Amino acid sequence: MDFDWMKIPYAFLTVFIVVNYGFLMTALIQKIGARVGRRYGIPIWQNYLDMIKNYGLRSSITHGAMFYLGPVFRLSGGVGLLLFVPSIYGSYMFSNLSFAGDLILALYFVFFGTLGMALGAAESGHPHAAIGITRGLSQVSMAELPFGLAVFSVALQYQTLSVTDIVAAQQGGMLTWTLFTNPLAVSAAMLSFLGSMMRPPFDVVIAPQEIPIGPPTEYHSSYLALMQTNRVIFPVAKIVIYMNLFFGGATSWPEFFLKVFLIYMWSAFVGVVFPRFRVEQSIRWFLVWAVPLGVLSIMVV
Amino acid sequence: MNALTIFAIGLGTAFLLGLLGERQKSLGYMLTLAALTFMSAVSASWLVVFAATGADSFDIFTAGTAPPFAINLRMGLIEAALTLLINLTGLFAAMHMGDALLRLGQRAMAVLIIAIMALCGIVLTRDIFNLFVFFELIVIATAGLVLLSDDDSALAAGFKYLIVSQFISALLLVGIIFAYHATGTLNIDGMAEAAAAIDPSVSGAFAIAFFLMFIAVVAELKPFPANGWALDMYEAAHPGFSAVFSAASGTAALYAVDKLLQIGGTDWLPVATGIGIVTFVGANLLALPQTNDRRLLGYSSIAQTGLILTVLGQQDIFGDDYFFIAGGLLFAHALAKAGLYWLSALVAGRTLPDWAALQSRPLLVFAFISCVAMLSGLPPFPSFYAKWELAHLLVAEGRSGLLALILFGALVEAGYLFRWFGYLIKRATPAESIACPAHQLLPIAAAVLGGWALGFVWGELSSSYFGRTNLLLTLPLFFALTFLLLDWLPAWVKNTLAIGGMVAFFSLTYAEYDPLRLIFAVIFLIGGAVTLLASYHAHGRRIGFYPAAMLMYAGMIMLIRASDSFGFFAAWELLTVGSYFLILRGKHSEPHALSYIVFSLGGAFLILAGFALAASAVPPAPTFEIAQLADLVQPVAPWVFLLLALGFMTKTAAIGVHIWLPGAHAEAETDVSPMVSGILLKAGLYGLFVLLMNMGKQSLYGVELTYVMLWIGAITALLGNLMAIFQEDAKRLLAYSSIGQMGYALFGLALMNHLGWLMALMFVINHYIYKSMLFLSVGGVAKRTGTREMFKMGGLITLMPLSFIATLIGIIAVSGVPPLSGFGGRWIFYNAILTADARLPMVLIFLSGPIAFLYLFRLIHTIFLGQLKDEHRRLKEAPFWIILPQMIYVALLMVVAVVPGMVLRHVDAYISQFFPDGALNWEGSTITSQFGYWNPVAIMIIVGVIFMLLFGWLLFVNRRAQKVKQFNFVFSAERPFRPETTHFAWNFFAPYRKAMGFLVQPFVTRFWAAVTDLLHTAADITRRLYNGNGQTYAFHFLLFVVAVFTFRMGM
């Protein structure tokens, strides 16, 4: 196999850019959310402070091997997802490791981190962790369906599963974006997007405001640091897929930053407006509102 | 030796017995046995002569003149065989009832001899009045013999029998008088000739005369529903004699009907068919709710006789095969029924569960199941060969409706027989052991060995006349049956032999398979051998395990090797039966094994009908090659497709016919579950492959059948997965997961494109590996914890790390998450659906994918993670031999994950001959399709490197992490009470049930429960007619006569 070793430093560069961008952007969005709630919000560099604090904590415990590996799985999932998809269209440097597989690889790799994390959290023996996982899995099983249908619809539309080819097909002005050529699929996918961003109304999985519940319950110090890193990489990686499939991709980093931010804002926007669903309510919500759109999109494409 | 010696000996001995004194009972008994032996020898000698020389039958003239002036007897091959059967039945019955005969004295012995002699007479005579005389003799002898029984109700039964018999005799006699008047002869052949040329003015009168004779003789067959009297006899008589009553009397009466039908001509055949099929179906239905063993056998006897009567009624279409079919059914029935009646003498109680007493005697269990298999028409018994020809000839003549009724009746019969077998194997053994005196064992052994021997004979006949295979001579089956003889060896020796045999057979034959078959062969033989490694953990002799397992594997490998429909079907039945025995071994598997065998046989019957239909649509040839399926055209082709597809889908547990699977797979033993799930399910997929490869797309009434299959596959995948997430029992969870996985494979096949098939094959390989592995690891855990309920476990990861690793790798592979092999299946799936015509069913498949995560996570979490229970703190890792195959599977999964091309590229090329478009491109380690690409090696390396980097980083920054105890976690400043209340495991996906539970209402289970209930209730209602009153029975008979008469005249 003739492998271009330069891809490795390039990949590191992508990760570096995305991590820093993610730190700042998620903090910004936190802040925007706080302002909507008439609060002042966190400083924009809060994420960096948290990281330093978490790595600096001296107390550290483990509940076992899987517990230890959970965050590793989680972050590998985020980084892998990011690297399996080209970040910048037309750039060899930021095509990352997309030679390893196409869209399907990315879609399925999403679950790598989720599964590993779930296993790790479960070994802590904390019932709240397990409860969070059941909620998360239940919700994601239905929330992902419209997205899956939308991807199928887009793949049918462009007759390819290669992310690069799908982005290529959308070059030539905004009106060639899938958003306008296949609005049904995009609508379905964007509703599905809400379900995977862990924001209201679909954030009962980690229930951040209440007692510590959800998969991260027992994680602390450097574990939490790894998970926090993932918390900024993973949404960006996921949004990159959305951006590439539906919004014409990005040909430069500024375009990338803008599009990712705007797409992220969609979930933040909905999140500050709507209250939280219980799991069975969100399952029904996706089934009733998002799935039919997805089905329609594959029927008419 | 002159056939008349039979009568001479019979009469002479009976006379002699009368001369003996009261105290010479033993001598009398010796004389009886000697006489019956001699009579048998006469028949046997003639049988040898006819079989060896192929000579024609010849007539024996009594009184030295030709008929019609004197009575003539005829001896031929058929007569020799039938009299031999009768005489031997008599001989062994005499042996069996030795105690009773010695107690009752010479008169009873004489009556028995006279009965047997008279039965031979019925077979041999060609004179209608003589026939009447012999019938009269039998009536008297039978009534006498019934009274031999210790049973108090025998007296009443005998009396009822006499009432009805007088009725019958009267009809027969009146009939004979009028027939004689019309034809001027009493000779059967003469009467047949005269009847054919009869003057039209008297033909009506002759028809009535014939009707009277016919109905009288048919009544001797105890046709449904005019047979209450006979049932009381079966129930009350000494079992030794019931065997004669069932096997010998039935045989003679059937042959008498055959003779009468020669007189009546083809006009009367439909009447015989009608009575026969009503009897077969009705009696089998009525047998369903029976609780008394002998009465049940009585019903079964009547049903079998009805079946043979149906065959007699269809003789116009059977030609030369007539005796092959009728004989196959008759001998199987006679031997099996005699064997079972004799067995019943060993069992003290009279209800079916009492037969559990036989459990301690493996040889008797073998005898029982041999008899059941003979009655159910399973290979390699004569009834199997007969069933095959019967189905083909009926369908060829457009009599599919009749075949459907026969198969329905046969399924009901198999249902109650196998239910009984289930009781025998699984119910509690009574405290007192059973006595097995040699004189009672010998007859049983004779019947069983006779059955096997006839299986061989019928196989030889089948191979010499029809060019089929003699199953007993096929190497795999022979190998499997040798384990019956080796069952006394310790389990590990047999296990080694089994593994060695399977590997050796594979290494001898692997060059013969094309890539597709090779995959299945590897899974069946090598995969089977790997799974068998787990069986080394079993100690002792493990009686019955190896013959069953080897039977299943033999069936599977014969299935792949079969080129014609007969070999395929025989293999299918063998693997079904073998796996049934395996499943039945589970501790609580009795009802599940029954449901498995009933569904499987139902499926097999559909396949039989499908092949019969297919063979009827091509030019007549001795064999129907599987490849000829491709030659079929409308309108037959879609029906063949439908029947075969339904049959195969029963095995893959498609939704609607899936209810047998969860129990069967979950309740099976630890090392059996992976066999029946990981390996056996592939047989159904292989069938579907073969079907689709040869027949392609078919449409029926404008509906494309593959499209329907696509939907069935999708619904199965969804509902299988959904049901899996709500299981509390780990093995049931895996079983439902198998249903879902088979749904995926079915879906892939039904896509009918290149990648769809490749995906199905990927599922075949993957499902074999990970499901075998998961069943083993869960089985190992269940073995240690003593429960399969997941919420009772928890936190076992540190105690059973290897089982955990196997489960972890297994669930990652099942879920399709990269970098393991499941992902390959998903990737091919996405590429496959992009070229598919249908899109809606995809939605269901899309939904079922993520649902798999739910149950998989539940499986690993509730068993290995979470809170360890106090009672499990001292558990050890699962036994070495259960872990070993799991580790092999882990390695295999890794190999398939990294280099899937090793296997798949060959198959990919092979599939190209069916679907040239859409083949994958295997360049280096990258796999490219028309739409996308995928590089398993790169994925594995990238994921591995990222993972190791991050892991290294965490180790570096977190090197001082301290391991804490189980309850040391943040719990709102409280301490958890105990593991049971802290382990979140029971009703794990409660929110999901709230949202989607409506989809998993057990509609299908309720439907099938309603069907079985309906059958039982219908039988129960009819049973009220059988009130035990002799007058009522006589009235039934009268009604029956009127009904048949009306039917005949209305024809």
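This report describes a predicted model of two chains, A and B, beginning with chain A and ending with single residues.

**Chain A**

Chain A is built from 11 helices and 1 strand. Read from the N terminus, the order of these elements is α-α-β-α-α-α-α-α-α-α-α-α. The radius of gyration of chain A is 19 Å, close to the 19 Å that the globule rule gives for 301 residues, so chain A is as compact as a globular protein of that length. Along its principal axes, the C-alpha atoms of chain A fill a box of roughly 55 × 50 × 40 Å. Of the 301 residues in chain A, 61% count as buried. Contacts within chain A often link distant parts of the sequence: among those between residues at least 6 apart, 80% join residues at least 24 apart.

Helix 10 of chain A covers residues 253-273. At 1.5 Å a residue, its 21 residues should span 30 Å, and this agrees with the 30 Å between its end C-alpha atoms. The buried residues of helix 10 of chain A include Phe256(A), Val260(A), Ile263(A) and Tyr264(A). Further along helix 10 of chain A, Ser267(A), Ala268(A) and Gly271(A) are buried as well. The cover over these buried residues includes helix 1 (7-36), helix 8 (183-196) and helix 9 of chain A.

**Where chain A meets chain B**

The contact between the chains takes 70 residues from chain A and 65 residues from chain B. On the chain A side, the elements that each supply at least two residues are strand 1 (61-62), helix 3 (65-84), helix 4 (103-123), helix 5 (127-158), helix 9 (221-246) and helix 11 (279-300). Helix 5 of chain A gives the most to this side, with 17 residues. By class, the side of chain A that touches chain B has 43 nonpolar, 20 polar and 7 charged residues.

Strand pairing also links the two chains. Strand 1 of chain A and strand 8 (residues 962-963) of chain B run parallel and are joined by 2 bridges. Thr62(A) has Lys963(B), in strand 8 of chain B, as its bridge partner.

**Domains of chain B**

The domain assignment divides chain B into domain 1 (1-126), domain 2 (151-468 + 1001-1051) and domain 3 (478-948). Between the C-alpha centres of domain 2 and domain 3 of chain B there are 40 Å. In the contact between these two domains, 25 residues of domain 2 of chain B meet 29 residues of domain 3 of chain B. On the domain 2 side, helix 16 (362-376), helix 17 (382-396), helix 18 (400-426) and helix 40 (1003-1023) of chain B each supply at least two residues. Helix 18 of chain B gives the most to that side, with 10 residues. The residues on the domain 2 side divide into 17 nonpolar, 5 polar and 3 charged.

**A sheet and a helix residue in chain B**

In chain B, 3 strands form an open sheet in the order 5-6-7, with antiparallel pairing. Strand 5 (921-923) and strand 7 (933-934) of chain B are the edge strands, each pairing on one side only. Strand 6 (residues 926-928) of chain B is joined to strand 7 of chain B by 2 bridges, and Ile927(B) has Trp934(B) in strand 7 as its bridge partner.

Leu802(B) belongs to helix 32 (residues 801-815) of chain B. With 18 other C-beta atoms within 10 Å, Leu802(B) is partly exposed. Leaving aside residues up to four places away in sequence, Leu802(B) touches Glu877(B), Ile883(B) and Met887(B). The C-alpha atoms of Leu802(B) and Pro515(B) are separated by 34 Å, and the two residues are 287 residues apart along the chain.

**Backbone details in loops**

Two cis peptide bonds and two positive phi angles are listed here.

| Residue or bond | Feature | Angle |
|---|---|---|
| Pro200(A) to Pro201(A) | cis peptide bond | omega about 0° |
| Pro818(B) to Pro819(B) | cis peptide bond | omega near 5° |
| Met198(A) | positive phi, not a glycine | phi about 60° |
| Ala653(B) | positive phi, not a glycine | phi near 60° |

Pro201(A) lies in the loop between helix 8 and helix 9 of chain A, and Met198(A) is in the loop between helix 8 and helix 9 of chain A too. Met198(A) is buried, because 21 other C-beta atoms lie within 10 Å and 20 are enough to count as buried. In chain B, Pro819(B) sits in the loop between helix 32 and helix 33 (822-834). Ala653(B) is in the loop between helix 26 (636-651) and helix 27 (660-667) of chain B. With 31 other C-beta atoms within 10 Å, Ala653(B) is buried.

Conventions
Residues numbered from 1 in each chain as written. Chains lettered and ligands numbered in written order. Predicted model: local features only at pLDDT ≥ 70, side-chain atom pairs only at ≥ 80, totals over all residues. Domains from an automatic or database assignment. Contact = placed C-beta atoms within 7 Å. Helix = DSSP H or I, 4+ residues; strand = E, 2+ residues; numbered from the N terminus. Nonpolar A, V, L, I, M, F, W, Y, C, P; charged D, E, K, R; others polar. Pairing = 2+ DSSP bridges. Rg over C-alpha atoms; globule rule 2.2 N^0.38 Å. Buried ≥ 20, exposed ≤ 12 C-beta atoms within 10 Å, placed from the backbone. Expected span 1.5 Å × (residues − 1).
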